Amino acid sequence: MDNATEDAARSTYFSNTDQCDNQHVLRIFAPKTCFFCGKTAMKRAADHGFVKGLFRFLKGLPPGRLIALSFAAVILLGTLLLLLPVSIKPGMEVGFVNALFTSTSAVCVTGLIAIDTADHFTAFGQTVVALLIQIGGLGVTSVGVGFILAAGKRVSMKGRLIVKEAFNIDSSKGMIRLVKAVLLMTLCFELAGAMLSFVVFVQDFPPLKALGISVFHSIAAFNNSGFDILGNMQNLIPYQSNVLLNLTTCGLIIFGGLGFLVILDILKNRSFRKLCLHSKVVLSASGALLLIGTLLLKLTEDISWLGAFFHSVSARTAGFSTYPIGEFSNGALFTLILLMFIGASPGSTGGGIKTSTFFVLLQSVKSLMTKTRFSAFRRSISQAGISKAYIITFLSLLVVCSGTFLLCVLEPEFSFIQLLFEAGSAFGTVGLSTGITPDLSAASKIAIVFIMFIGRLGAFTLASMWVNRPEPTVRYTEESITIG
């Protein structure tokens with residue numbers, strides 16, 4: 001179209017819009033209509049403008065980048081919702097940094113808090129936090145696919161690939177059935193947890209408030225997020241001797257941290273011998289870590305056996321505490337740091353380097369020391385899997401060490417063990433703290449926000465998602481170097 005023809009078309013278009021009456025103006029937000037006459041302007045904008053460009057950009061992104069962008073978008077949306085007047089209690093100040101910190105901690109299912117959730121946020125704000133925890137635990141993609149299925153729509157192949165990437169599995173076969181099973185499983189566990197928690201909380205709160213606390217606690221526990229709405233930054237310390245609440249919380253944390261694939265495998269086979277290798281590794285590593293963690297905490301800290309077991313479970317990415325962590329000895333804090341760094345299992349709601357990675361590391365060291373072939377449960381593990389385990393561990397250590405160094409520079413008034421604990425808790429998406437989080441500067445809180453984000457998505461995922469090219473076929477000549 002030449003300039004004269006385009007000018008004539010534009011003149012005709014605006015002359016037609018002059019004939020619009022007031023009721024046409026009310027159609028300003030109607031889909032695929034113009035601002036004035038309700039004809040074609042919005043459709044043209046969608047076809048040729050920002051909207052189509054945005055969808056084309058998102059459609060062209062690799063699954064890893066799209067997942068990272070989705071988490072970032074949910075965090076930003078949660079921040080804006082928490083800044084609304086309806087979310088904040090009268091007389092309380094939140095601020096952008098604290099709202100961003102709270103939203104990130106919820107979406108990354110961490111539980112670190114810069115401000116107390118119960119004291120600063122209304123019932124609406126607390127509901128927003130609970131929804132952010134749920135979305136972050138299940139994964140943005142799983143929730144999105146669930147809405148698509150609820151609407152009776154078909155999930156595209158790109159959507160299936162994104163779910164595959166989110167659950168970190170090798171095959172995209174049966175993705176829809178997996179998402180349905182995950183959503184149903186989550187509902188069942190959280191409903192059971194809320195009912196058991198209600199029996200405890202109703203003794204101290206009015207029934208309606210006890211119900212709200214129970215639902216919030218169940219969601220937070222199953223999604224391995226250490227948020228609570230009891231107020232006064234007390235977490236579960238008032239219930240350190242309550243066996244029912246302790247065991248209910250531990251049960252939700254353990255099942256949430258095992259991973260959905262492992263739970264489905266257990267329900268299907270119901271025998272350890274028939275389980276797949278991944279499930280055997282996860283169950284063995286999780287059981288050993290719970291036992292060793294309980295013994296070490298009991299040896300290094302004057303707490304009950306129930307308290308030692310609870311914190312051994314909680315340190316594996318949950319973040320609830322029944323004792324003041326700031327009063328723990330350095331030995332107990334270091335034990336918790338190790339448990340937080342290892343974390344939960346792949347495909348779960350938890351973080352850390354994952355139990356399977358830790359298991360592979362130990363088995364590979366054992367194989368090198370004994371000069372035997374690397375295997376587990378009469379199965380061989382590929383060299384690629386071993387290399388990936390070492391890369392994940394190295395990158396994770398790099399993130400924790402860099403974060404700790406940055407916090408040491410920004411917060412010289414706190415001890416090294418406190419800052420290492422804070423960085424380890426943020427990376428492992430745990431939420432345990434020695435009590436210094438509210439006193440950190442805005443710069444330190446922003447640093448922890450980034451650490452939590454990296455910990456939720458995984459250092460390896462974030463590092464590799466920018467490389468989208470095939471492996472080169474041309475290789476250089478090998479030559480050995482001296483190592484060790």
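**Entry 1: Asn224.** I started with the cover of Asn224. Its relative accessibility is 1%, so I class Asn224 as buried. I am working from a predicted model. Next I looked up the backbone. Asn224 is not a glycine, yet its phi is positive, about 55°. I then placed the residue in the chain. Asn224 lies in the loop between helix 12 (207-222) and helix 13 (243-258).

**Entry 2: Val109.** I turned to another positive phi. Val109 has a phi near 45°, and this residue is other than glycine. I found Val109 in the loop between helix 6 (96-107) and helix 7 (117-120). Is Val109 buried or exposed? Its relative accessible area is 0%, so I noted Val109 as buried.

**Entry 3: helix 21.** I checked the length of this helix. Helix 21 covers residues 442-457, which is 16 residues. At 1.5 Å a residue I expected a span of 22 Å. The C-alpha atoms at its ends are 23 Å apart, so the model agrees with the expectation. I then asked which residues of helix 21 are buried. I listed Ser444, Lys445, Ala447, Ile448, Val449, Ile451, Met452, Phe453, Gly455, Arg456 and Leu457. Two of these names carry charged side chains in my notes as Lys445 and Arg456, and both are on the buried list. Last, I followed the chain out of the helix. Gly458 comes just after helix 21 and takes a positive phi of about 100°.

**Entry 4: a nonpolar patch.** I moved to the surface. Leu291, Ile292, Leu295, Leu296, Leu299 and Trp305 make a nonpolar surface patch of about 650 Å². Where does the largest share of the patch come from? Helix 15 (residues 277-300) gives that share, with 5 residues. I recalled the helix geometry here. An α-helix has 3.6 residues a turn, so residues three or four places apart point the same way. I picked out one member of the patch, Leu295, which is found in helix 15. Its relative accessibility is 39%, so I put Leu295 down as partly exposed. The cut-offs for that class are 20% and 50%.

**Entry 5: the whole chain.** I closed with totals. The chain holds 22 helices and 2 strands. It has 484 residues, and 48% of them are buried. I looked up the contacts between residues at least 6 apart in sequence. Of these, 66% join residues at least 24 apart. The chain exposes about 25100 Å². Carbon and sulfur atoms supply 65% of that area.

Technical notes. Residues are numbered from 1 along each chain as its sequence is written. This is a predicted model: local features need pLDDT of at least 70, side-chain atom pairs count only at pLDDT 80 or more; totals for chains, interfaces and linings use all residues. Side-chain values use heavy atoms; hydrogens and water are left out. Patches are made of residues with over 30% relative accessible area and no salt bridge: like charges are joined within 9 Å, nonpolar side chains (Val, Leu, Ile, Met, Phe, Trp, Tyr) within 5 Å. Accessible areas come from the Shrake-Rupley method with a 1.4 Å probe; for residues, only the protein chains shown count as cover. A salt bridge is a side-chain nitrogen of Lys or Arg within 4 Å of a carboxyl oxygen of Asp or Glu. Helices (H or I, at least four residues) and strands (E, at least two) are DSSP runs, numbered from the N terminus. Buried means under 20% relative accessible area, exposed over 50%, partly exposed in between (1.4 Å probe, protein chains only). The expected span of a helix is 1.5 Å times one less than its number of residues. Contact means heavy atoms within 4.5 Å.
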